[in-house]
Amino acid sequence: MPEPIRVVITGAAGQIAYSLIYLIGNGDVFGKDQPLILSLLDIPPMMDVLNGVVMEIYDCALPLVREVIPTADPAVAFKDVEAAFLVGAMPRKQGMERKDLLSANVKIFKAQGEALDKFAKKTVQVLVVGNPANTNALICSKYAPSIPRENFSAMTRLDQNRAQSQIAVRLNVPVDKVKNVIIWGNHSSTQFPDARHAIVESGGTVSAESAIKDNTWLTTEFVKTVQTRGAAVIAARKMSSAMSAAKAAGDHMRDIWLGTPSGQHVSMGVISDGSYGAPKDVIFSFPVTIQNRKWTIVKDLPINDFARNMLDATGKELEEERQEALAVCEN
Ligand code: NAI
């Protein structure tokens, strides 16, 4: 068996972590033969709750989990970590403007970037889940200059899984038969869920577009359903998506760790090189393939006028968020 790796989960006493810790500890993310040291960070008022989570981890009797370190100290939490799930963030409270949320959370990610820079392994892979995920990832990376920018990514996998599932339900096929759906841009309501390049493997491989035969649905209801799914879950559950967010975080990190299957791409927010006319130097969700823990943006997919407008709108929002976030950090 290999040596244990240190994995940090922030917001470890929260809802998403409650599902995510089990997936990781069970070997569903880093592999069934990879022992783990789980480092769990939350804020001081949550330490009692976190200790309850630690009790449950022990009670799960997970053979891969060799040590659990609950802490409120980033210096302890980030020490020598090889993978980081940055989930912890301030939730949006009643009456809070989006701007207030951005400003509160960006400061958390600035501080955690600095801590990663000081204490984590330089090869650490950092997945940002806490919202606004794309801009938090950008800020986190900016304040961790000794770690390659390519090692920071933001989660749009939940949106991808939602989109894939909508198509599978519509076609009445198992969800794993639908591949290569793309989420472009920001993890927000401006994201562009794009099924134009998706395929369906059901008695041969066909494009999702030709299987669905309803372009109006693909450019209206499908897009809207995926864009607003988070709000729909909150309205129904009175709490935000947690089980599905944890599953998506596991899927995202597993693909970074173990690579994407041949012929398939996945979506994640990564530092933009301006591909597809996206603004440079924002964390923009692109289709990527991954090998040896390095992602490559899938190039040369045709972009029609509809897609162009959608990509421009989400890119513009990311530029605005970047400007606001940098102003907060520099104050
Ligand atoms: P939650 O409120 O249940 O848990 C968040 C935890 O983070 C709390 O225990 C809190 O004490 C902790 N926390 C706050 N500040 C912290 C800090 N500085 N360091 C460490 N821990 C800190 O929230 P939940 O449901 O687990 O969601 C977490 C985040 O994930 C939210 O920002 C949410 O908007 C985001 N999210 C992102 C999704 C995506 O697709 N990218 C999907 C769903 C949620």
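Which helix holds the place of R98? The answer is helix α4, which covers residues 98-119. I will come back to R98 in a moment. Please keep in mind that we are looking at a predicted model.

Let me start with the overall layout. The domain assignment of the protein chain gives domain 1, residues 5-154, and domain 2, residues 157-319. Taken over C-alpha atoms, the centres of domain 1 and domain 2 are 24 Å apart. On the domain 1 side, 24 residues are in contact with 26 residues of domain 2. Several elements of domain 1 each supply at least two residues to that side: α1, β4 (83-86), β5 (125-128), α5 (133-142) and β6 (152-154). Among these, α1 gives the most, with 6 residues. Sorted by class, the side of domain 1 that touches domain 2 has 15 nonpolar, 6 polar and 3 charged residues.

Next, the ligand. There are 28 residues around the ligand, and G11, G14, I16, G88 and A89 come nearest. Which helix gives the most to this shell? It is α1, residues 15-25, with 3 residues. So much for single elements; as for domains, the shell draws at least three residues from each of domain 1 and domain 2. By class, the shell around the ligand has 17 nonpolar, 10 polar and 1 charged residues.

Now the record. In an unreviewed entry, UniProt places the feature "binding site" at R92, R98, N131 and R162. These positions are spread over 71 residues of sequence, and they are also spread in space, up to 23.5 Å between C-alpha atoms.

Take two of them. Is R98 buried, or partly exposed? R98 counts as partly exposed because 13 other C-beta atoms lie within 10 Å. R162 sits in helix α6, residues 157-171. R162 is buried, because 21 other C-beta atoms lie within 10 Å; the cut-off for buried is 20 or more. Not counting residues up to four places away in sequence, R162 touches V226 and R229.

On to the strands, with β4 as the example. Strand β1, residues 5-10, runs parallel to β4, and 4 bridges join them. In this pairing, T10 has L86 of β4 as its bridge partner. β4 also pairs with β5, again in the parallel sense and over 4 bridges. Here the bridge partner of F85 is L127 in β5.

Which way do the residues of β4 point? A83 and F85 point one way, A84 and L86 point the other way, and all are buried. In general, the side chains of a regular strand alternate between the two faces of the sheet.

Last, one residue of helix α5: A137. Why does A137 count as buried? Because A137 has 30 C-beta neighbours inside 10 Å. Leaving aside neighbours within four places in sequence, A137 is in contact with V128, F152, S153, A154, G269 and I283. A137 and V282 are 145 residues apart in sequence, and their C-alpha atoms are 9.2 Å apart in space.

To find this on the screen, begin at α5 and locate A137. Then look for G269 and I283, two of the contacts of A137. That is all I have.

Notes
Residues are numbered from 1 along each chain as its sequence is written. This is a predicted model: local features need pLDDT of at least 70, side-chain atom pairs count only at pLDDT 80 or more; totals for chains, interfaces and linings use all residues. A residue is near a molecule or strand if its C-beta atom, placed from the backbone, lies within 6 Å of it. Ala, Val, Leu, Ile, Met, Phe, Trp, Tyr, Cys and Pro count as nonpolar, Asp, Glu, Lys and Arg as charged, and the others, Gly among them, as polar. Domain bounds come from an automatic or database domain assignment. UniProt positions are given in the numbering used here, feature names are shortened, and annotations may be inferred rather than shown by experiment. A residue is buried if 20 or more other C-beta atoms lie within 10 Å of its own, exposed if 12 or fewer, and partly exposed in between; C-beta atoms are placed from the backbone. Two residues are in contact if their C-beta atoms, placed from the backbone, lie within 7 Å. Two strands pair if DSSP finds at least two bridges between them.
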